[in-house]
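Here is a short guided tour of a protein chain, written for someone meeting a fold up close. Keep the picture in view as you read.

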Amino acid sequence: MAGHCRVSLVEPAGARFEKQARLEPVGWLQGAFGHWRGKAVRVRVLFEREVVSWLREQRMHPSPVSQLRSDGRLDVSLLVPLSPNFVSWVVGFGPRVRVVEPKGLAKKVRAEHQAAVASEA
């Protein structure tokens, strides 16, 4: 329902917002994977040929290093926090992506795929 407002009442709280001494938005704005604050880790994923042309047109993140392999697959390394948005992004590629590292991300992606298959029954 576009344009619907859920706010029914606004009242002053009587408190003032105190500005932080220094806000560092870079820590929150970590590329196309949404707003997430957390420790960035080195991620390496290998994409199948079917999605390479689409990926090369996208601006994934400020930190990726990509290498096109001789077999047409794309090896991508980037430094990102393992946010729910990032995990969902990887999961969305289904069998056309393989998580090389970290192992914790590979386990999360595997669990998401297994849960999707189990829910079909």
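Of the 121 residues of the chain, 26% count as buried. Please keep in mind that this is a predicted model. Contacts can also be sorted by how far apart the partners sit along the chain: among those with a separation of 6 or more, 59% are made by residues 24 or more positions apart.

**The overall plan**

Three helices and four strands make up the chain. If you follow the sequence from its start, these elements come in the pattern β-α-β-β-α-β-α.

In which order do the four strands lie in the sheet? The order is E2-E3-E1-E4, in an open sheet with antiparallel pairing. The edges belong to strand E2 (65-68) and strand E4 (97-101); each has a single partner strand, so one side of each is left without a neighbour in the sheet. From one strand to the next, the twist averages 20°.

Now look at the pairings themselves. Strand E1 (residues 41-47) pairs with E4 in the antiparallel sense, over four bridges. In this pairing, Leu46 has Arg98 in E4 as its bridge partner. Helix H1 (residues 49-57) packs on the sheet, where it touches E1, E2 and E3. The direction of helix H1 makes about 125° with that of E1.

E2 and E3 also pair in the antiparallel sense, again over four bridges. The hairpin of E2 and E3 has five residues between the strands, and in this hairpin Gly72 takes a positive phi near 95°.

**A closer look at Ser77**

Ser77 is a good residue to find on your screen. Ser77 belongs to strand E3 (residues 74-80), and it is the bridge partner of Val65. Is Ser77 buried or exposed? Its relative accessible area is 17%, and buried means under 20%, so Ser77 counts as buried. The side chain of Ser77 also makes a polar contact of 3.4 Å with the side chain of Arg42.

**Charged partners**

Side chains of opposite charge can pair when their charged atoms come close. How many salt bridges does the structure hold? There are three, and the table sets them out with the distance between the closest N and O atoms.

| Salt bridge | Closest N and O atoms |
|---|---|
| Arg44 and Asp75 | 2.9 Å |
| Asp75 and Arg69 | 3.4 Å |
| Arg73 and Asp71 | 2.7 Å |

The pair of Arg44 and Asp75 links distant parts of the chain: Arg44 is in strand E1 and Asp75 in strand E3, 31 residues apart. Asp75 is buried, at 10% relative accessibility. Arg44 is partly exposed, with a relative accessible area of 27%, and Arg69 is likewise partly exposed, at 30%. Through shared partners, the salt bridges join Arg44, Arg69 and Asp75 into one network. As for the pair of Arg73 and Asp71, the residue Asp71 counts as partly exposed, with 35% relative accessibility.

**Aromatic rings**

A pair of aromatic rings is described by the distance of the centres and the angle of the planes. In this chain the count comes to five aromatic pairs. Which residues do the ring pairs link into a cluster? They are Phe47, Trp54, Phe86, Trp89 and Phe93. Try selecting these residues together to see the cluster in the picture.

**Two prolines in loops**

Let us finish with two prolines. Pro81 sits in the loop between E3 and helix H2 (84-91). With a relative accessible area of 5%, Pro81 is buried. Pro81 and Lys39 are 42 residues apart in sequence, yet their C-alpha atoms are 5.4 Å apart in space.

The other proline is Pro102, found in the loop between E4 and helix H3 (103-120). What kind of peptide bond joins Glu101 and Pro102? The bond is cis, with omega about 0°.

How values were computed: Residues numbered from 1 in each chain as written. Predicted model: local features only at pLDDT ≥ 70, side-chain atom pairs only at ≥ 80, totals over all residues. Heavy atoms only, no water. Buried < 20%, exposed > 50% of the residue type's maximum accessible area, 1.4 Å probe, protein only. Polar contact = N/O pair within 3.5 Å; in protein donor to acceptor, adjacent residues only side chain to side chain. Pairing = 2+ DSSP bridges. Axes fitted to C-alpha atoms, helices over the stretch in contact; angles between N-to-C directions. Contact = heavy atoms within 4.5 Å. Phe/Tyr/Trp six-rings, centres within 6.5 Å; stacked < 30°, edge-to-face > 60°. Salt bridge = Lys/Arg side-chain N within 4 Å of Asp/Glu carboxyl O.
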